[in-house]
Amino acid sequence: ALKTYCDVIVPMNDLKWEALRHERDSFDFSGADELVAFAIANKQALRGHTLLWGEALPPWVKTMSSRAEAERELIRHIEVVVDRYRGRIATWDVVNEVIRFDPREGGPYRDTIWQRLLGPEHIDIAFRTAASVDPKARLVLNDCNFEEADAGTAERRKAALAIIRRLKDKGIPVHGLGMQAHLYGENAIDSHGIQQFMRDLAALEVEVEVTELDVIDWKLPADSGTRDRASASLVAAYLDAVVSARPPKAIVTWGLSDRYTWINETFPRKDGARARPLPLDADYKPKPMMAVLGRYRRGAG
Ligand code: XIL
């Protein structure tokens, strides 16, 4: 299925600190190397996910206690990882989910070990280091919850624009905003808000890409046909909003088949039915969502 449907491969967990850095002084690239080799063998592009996140950290990271220590470890991590895949991983989610879910409650940045020890500068350090190791890499700020119509979402968009503006003002390279797009099935898409956001990003001269598309279908009807049609319409509404303002650099789903998805554990349904968030069902049969994505596939016109 990956060979049939995908132009881009993303290791979903194998490049996270938790996977690479069981121990402070060694790196385990076994899982990531396998996926990178698969993509290259199949002439697929790669996205690296992710160099800095407040989650999926090995226990030793949380024992760091000083600014100097955090900065040293962060820089070393990015130097080693980006250097290893230089020329192979063309795009990096340099930082992931640094914006607070609701920036009105306590400021724009998430409370993570990086923010606590380094302040907002953790973002600058990450981008600056990635750029210095691989000047040709596309460097992306990846974050979530940009698509709804509430006040918190408006603040998240403002926070993303402010981070990009700050990096640019300091001369630190940033090339794109990644929009995760874990879409809540029960909520409406804010098409006008998304389109305005796309224009604001264009004005800052950064590209956009959809990086983790899936549908959180925990509150959608049980009937699978009805549920799949609702999910496909939601994805169409979202992509239409984005594309009508500005074609994204890539559209990437978070998984491919309902057989393997994080939604079951993170957003379980009350009726116990299995989640159906992705374009292929658990038996790899295309669902209506695949037809929607097909309209936007490169070369599809
Ligand atoms: C998720 C993975 O899909 C799960 O397998 C893992 O247990 C937890 O992380 N936002 C992100 C992704 O940026 O890295 C997360 O991936 C989903 C939410």
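The shell around the ligand is made up of 3 nonpolar, 5 polar and 3 charged residues; here Ala, Val, Leu, Ile, Met, Phe, Trp, Tyr, Cys and Pro count as nonpolar, Asp, Glu, Lys and Arg as charged, and the others, Gly among them, as polar. The model is predicted, so that local features need pLDDT of at least 70 and side-chain atom pairs count only at pLDDT 80 or more, whereas totals for chains, interfaces and linings use all residues. Residues are numbered from 1 along each chain as its sequence is written, and side-chain values use heavy atoms, with hydrogens and water left out.

Among the residues around the ligand (a heavy atom within 4 Å of it) are His49, Trp53, Glu97, His182, Glu212, Trp254 and Trp262. Polar contacts, that is, pairs of N or O atoms within 3.5 Å, link ligand oxygen atoms to side-chain N or O atoms of lysine 16 at 2.7 Å, of asparagine 96 at 2.9 Å and of glutamine 180 at 3.2 Å. The ligand taken alone exposes 420 Å², of which the protein buries 72% (Shrake-Rupley method, 1.4 Å probe).

With a disulfide defined as a pair of cysteine sulfur atoms within 2.5 Å, the count is 0. Cysteine 6 is buried (under 20% relative accessible area, 1.4 Å probe, protein chains only), with a value of 17%; cysteine 144, at 8%, is buried as well.

Note on methods:
Polar contact = N/O pair within 3.5 Å; in protein donor to acceptor, adjacent residues only side chain to side chain. Buried < 20%, exposed > 50% of the residue type's maximum accessible area, 1.4 Å probe, protein only.
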